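Visitor: I have a model open in front of me and would like to learn how to read it. Could you walk me through it?

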Amino acid sequence: MILEGFSLRQLVFRAAGSAGGPGDPSMLFDPDDIEEDFLDLDIEHLDEERVVLDEGRRHRGASSVVRLIAHKPIDDDDDGDGDGENADEIG
């Protein structure tokens with residue numbers, strides 16, 4: 001899964017007249033909340049980053065985003081029967 005969204009810190013950039021993003025804090029992301037929301041995934045990358053946007057009239061300038069790259073855990077139960085064994089390991 002790949003996720004990118006404005007962080008709560010974006011409100012500071014927005015107040016300074018930089019790039020847009022939602023003005024409602026409930027529509028912004030916090031890295032700690034994202035980590036908690038996706039506990040069942042293996043997180044490869046989760047960070048809050050300062051970026052410079054140039055994506056159109058209302059999305060231009062310094063911004064703060066949260067970026068996540070995660071995937072479902074790799075299951076060692078390749079045959080999918082839930083016993084934790086692979087079909088080729090059963091003797």
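Guide: Let us take confidence, then the sheet, then one residue.

This is a predicted model, where local features need pLDDT of at least 70, side-chain atom pairs count only at pLDDT 80 or more, and totals for chains, interfaces and linings use all residues. Residues are numbered from 1 along each chain as its sequence is written, and side-chain values use heavy atoms, with hydrogens and water left out.

Visitor: What is the mean pLDDT of the protein chain?

Guide: pLDDT is the predictor's confidence in each residue, from 0 to 100. Where it is low, the predicted coordinates should not be read in detail. Here the chain's mean is 86, and 82% of its residues reach 70 or more.

Visitor: In what order do the 3 strands form the sheet?

Guide: Strands are DSSP runs of E, at least two residues, and helices runs of H or I, at least four, numbered from the N terminus. Two strands pair if DSSP finds at least two bridges between them. In this open sheet the order is 1-3-2, with antiparallel pairing. Strand 1 (2-6) and strand 2 are the edge strands, each pairing on one side only. Strand 2 (residues 42-54) and strand 3 (residues 60-71) share 12 bridges; leucine 46 stands opposite leucine 68.

Visitor: Is glutamine 10 buried or exposed?

Guide: Buried means under 20% relative accessible area, exposed over 50%, partly exposed in between (1.4 Å probe, protein chains only). Glutamine 10, in helix 1 (residues 10-15), is buried, at 0%. A polar atom of its side chain lies 2.8 Å from the backbone nitrogen of serine 64.

Methods: Polar contact = N/O pair within 3.5 Å; in protein donor to acceptor, adjacent residues only side chain to side chain.
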